[in-house]
Amino acid sequence: MSFNFQNREIDFVKHRKKFFAFSGLFTLLGIVLLLTLGLNLGIDFESGSRVDLLSTEPITQEEVMEEFAQIGFTPDDVQLGGDQNEMASVGFIGVLSPEEINEIQAYFASAYGHEPSVSTVDPIIGAELARNALISVLIASVGIIIYVTIRFELLYGIAAIVALLHDAFFIIAVFSLLQIEVNVPFIAAVLTIVGYSINDTIVTFDRIRENTKLAKRVKDFDDLASIVNKSLVQTLARSINTVLTVVFAAAAIFIFGGEAIRSFAFALLIGLVAGTYSSMFLASQLWLIWKANQLKKKKFDSHKQQPEGEPTV
């Protein structure tokens with residue numbers, strides 16, 4: 001059964017196999033990308049050093065590269081910051097020696113009038129950051145399952161987690177494809193999307209639950225499909241308006257923000273689209289199929305236990 005949205009009939013359930021096929025193919029592609037290209041890990045997750053420069057005048061990436069070339073260094077990454085690009089964060093893969101750090105500080109203290117600060121990242125620290133992020137997602141997933149199970153039912157919780165992991169993997173796969181640097185802001189963006197995605201999914205599930213209570217009968221797949229379609233149409237405008245509002249803000253950060261937070265804004269943009277898609281076209285459709293199978297099994301067990309000679313109800 002289809003429902004009207006802006007005078008147009010929409011049947012989301014009818015296209016569920018297309019949604020599943022798209023997500024499945026993208027997941028497979030993402031796995032292939034991670035196995036072949038991997039992730040472009042920044043020095044936050046690999047051993048390296050970061051030099052933070054402060055100039056009295058605006059600077060460019062080319063100027064910073066040339067200044068380091070004067071003393072025989074080749075930075076692996078240069079990110080500008082500040083209101084007028086008077087700050088620069090320069091990354092080196094590999095830990096600088098104390099002698100090299102002293103040489104850099106002495107040169108730029110003379111050239112820019114400020115002695116730069118130098119920080120080093122050990123591989124162990126980078127691995128711990130990644131591990132803590134993974135643990136955070138796992139703990140959040142368990143908490144979400146428990147919360148959704150108490151408020152709704154277990155099937156809702158499992159569907160929500162599948163959608164959540166789908167969104168996180170979507171961001172990771174895109175960053176692998178484009179070979180964008182993965183750093184701490186990237187991890188912050190993934191965790192932000194986890195919270196946004198589950199909120200959008202809960203809103204959709206809440207409408208499905210309310211419409212299920214209002215339905216006169218829910219006995220088979222068609223009844224459930226009608227409820228899911230109706231619920232998705234009712235929440236469609238809200239989902240679109242919400243995601244567009246946040247997308248505009250994230251796009252503004254990406255375009256006008258500093259280089260240091262550009263990867264965060266881009267990950268946020270990708271995650272917002274993926275989160276809206278999964279909430280409407282993946283989580284709800286998964287719940288529909290699992291719930292229909294559950295009803296079918298209960299109906300089968302009811303017929304099986306019915307005494308011979310008595311009619312079934």
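**Close-up views of a predicted model**

**View 1. A pair of buried aromatic residues, F152 and Y156.** F152 and Y156 are both buried in this predicted model. Their ring centres lie 5.1 Å apart with the planes at 50°, so the pair counts as tilted, an angle over 60° being needed for edge-to-face. A pair of aromatic rings is described by the distance of the centres and the angle of the planes.

**View 2. The largest nonpolar core.** This core has 37 residues. Y156 is among those with the most contacts inside it, together with F12, F205, I208, V228, W287 and L288. Helix 4 (123-151), helix 5 (154-178), helix 6 (184-214), helix 7 and helix 8 (262-305) each supply at least two of the core residues. Helix 8 gives the largest share, 10 residues. In soluble globular proteins, nonpolar side chains tend to be buried together.

**View 3. The surroundings of W287.** Leaving aside residues up to four places away in sequence, W287 touches E153, L155, Y156, A159, F205, I208, T212, L224 and V228. Of these contacts, Y156, F205, I208 and V228 are also listed with W287 among the residues with the most contacts inside the largest core. A second core, separate from this one, has 24 residues, including Y196, V243, A250 and L272.

**View 4. An aromatic pair between helix 1 and helix 8.** The model holds 18 aromatic pairs. One of them joins F22 and Y277, with 5.6 Å from centre to centre and 75° between the planes, an edge-to-face arrangement. F22 belongs to helix 1 (residues 16-36) and Y277 to helix 8, so the pair ties together parts that are 255 residues apart in sequence. Is each partner buried or partly exposed? F22 has a relative accessible area of 43% and is partly exposed, whereas Y277, at 15%, is buried because buried means under 20%.

**View 5. The aromatic cluster that includes F22 and Y277.** F22 and Y277 are members of one aromatic cluster. Its other members are F12, F19, F26, F170 and F281. F12 also appears among the residues with the most contacts inside the largest nonpolar core.

**View 6. T235 in helix 7.** T235 is located in helix 7, which covers residues 221-256. With a relative accessible area of 3%, T235 is buried. Which residues does T235 touch, not counting those up to four places away in sequence? They are V203, T204, R207 and M280.

**View 7. R262 over the ring of F254.** R262 lies over the face of F254. The distance from the ring centre is 5.8 Å.

Notes: Residues are numbered from 1 along each chain as its sequence is written. This is a predicted model: local features need pLDDT of at least 70, side-chain atom pairs count only at pLDDT 80 or more; totals for chains, interfaces and linings use all residues. Side-chain values use heavy atoms; hydrogens and water are left out. Helices (H or I, at least four residues) and strands (E, at least two) are DSSP runs, numbered from the N terminus. Buried means under 20% relative accessible area, exposed over 50%, partly exposed in between (1.4 Å probe, protein chains only). Contact means heavy atoms within 4.5 Å. A nonpolar core is a set of buried Ala, Val, Leu, Ile, Met, Phe, Trp, Tyr and Cys residues joined through side-chain atoms within 4.5 Å. Rings of Phe, Tyr and Trp (its six-membered ring) pair if their centres lie within 6.5 Å; planes under 30 degrees apart count as stacked, over 60 as edge-to-face and the rest as tilted. A charge sits over a ring if NZ of Lys or CZ of Arg is within 6 Å of the ring centre and within 35 degrees of the ring normal.
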